[in-house]
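The following exercises are to be worked with the sequence and the coordinates at hand. Each task is followed by a stepwise solution.

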Amino acid sequence: MKTRSVPAVANEGVLLLHGLARTRRSMEPMARFLYDKGYLVHNQGYPSLRAPIEALALEALEHGFAHLRDRGAQRVHVVTHSMGGILLRSYWQRRRPQQLARVVMLSPPNQGSELVDVLARFAWFRLMFGPAGSQLGTGEESLPRRLGPVDFPLGVITGNRPAIGLKIFFPGPSDGKVSVQRAQVEGMEDFLVLPCGHSMIMRKTVVKEQVLAYLQAGRFNR
């Protein structure tokens, strides 16, 4: 599902962005959930393995915002998974669409990922995950670290249930790809840790309900 034509909640749209090495199919359950709540939903795909984050961000978000604007959305929320959140932050540095409303990031590497620090030194990783994958380390010169604080309404949800074998890459709690600490970013309004792993966090019922809570009220339910 890309976009459905239904009356939005007070003309509100939601733009969805998937993560690295995924497609928009990974966000379909979230898309259906938000559509059923009355939002105009656009589930934006992008070729995450083919270009640096800056180029991916410009193409995906320009198209996504324009598409929802053309469908009549006066306010556009954004829900991202993993690297999708870094695309939004990168885009926001260059373009500041007035219709941006609230943002929820799911398991974003907002301060990079220790796993990338370990794996990006190998040629097979760079070949498999493209130029964008190698931009997600934790060093001071990595792209997430250079983007700085956020100044839009943001709630972050991350997990603390890594897949077996992945927890060894992290000094503290993580979801197996991003540590709880590095999912956070200065300027966020709310932060929530749930018992989820990285890859399927967007499909969990409790996560979808918390996304809706933030879009509606600007805070998570506790």
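**Exercise 1.** In this predicted model, identify the buried residues of helix α5 and determine how they are distributed about its axis.

*Solution.* Step 1: within α5 (residues 123–133), the buried residues are Phe125, Phe129, Gly130, Ala132 and Gly133. Step 2: viewed down the axis of α5, these buried residues fall within an arc of 160 degrees, so they line one face of the helix. Step 3: the face turned away from the buried side carries exposed Ala123 and Leu127. Step 4: the packing partners of the buried residues of α5 are α2 (53–70), α3 (83–94) and α4.

**Exercise 2.** Establish the strand order of the open sheet and state which strands stand at its edges.

*Solution.* Step 1: six strands, paired in parallel, follow the order β2-β1-β3-β4-β5-β6. Step 2: β2 (40–44) and β6 (190–194) each have a single partner strand, so one side of each lacks a neighbour in the sheet. Step 3: on average, and ignoring direction, neighbouring strands are turned by 15 degrees against each other. Step 4: β1 (residues 12–17) is joined to β3 (residues 75–81) by six bridges, and valine 14 stands opposite histidine 77 in β3. Step 5: α2 lies across β1, β2, β3 and β4, at about 160 degrees to β2, whereas α3 lies across β1, β3 and β4, at about 135 degrees to β3.

**Exercise 3.** Is serine 107 buried or exposed, and which side chain does its own side chain join in a polar contact?

*Solution.* Step 1: serine 107 lies in the loop between β4 (100–106) and α4 (114–119). Step 2: its relative accessibility is 0%, so serine 107 counts as buried. Step 3: its side chain makes a polar contact of 2.9 Å with that of aspartate 175.

Technical notes. Residues numbered from 1 in each chain as written. Predicted model: local features only at pLDDT ≥ 70, side-chain atom pairs only at ≥ 80, totals over all residues. Heavy atoms only, no water. Helix = DSSP H or I, 4+ residues; strand = E, 2+ residues; numbered from the N terminus. Buried < 20%, exposed > 50% of the residue type's maximum accessible area, 1.4 Å probe, protein only. Polar contact = N/O pair within 3.5 Å; in protein donor to acceptor, adjacent residues only side chain to side chain. Arc of directions from axis to C-beta. Contact = heavy atoms within 4.5 Å. Pairing = 2+ DSSP bridges. Axes fitted to C-alpha atoms, helices over the stretch in contact; angles between N-to-C directions.
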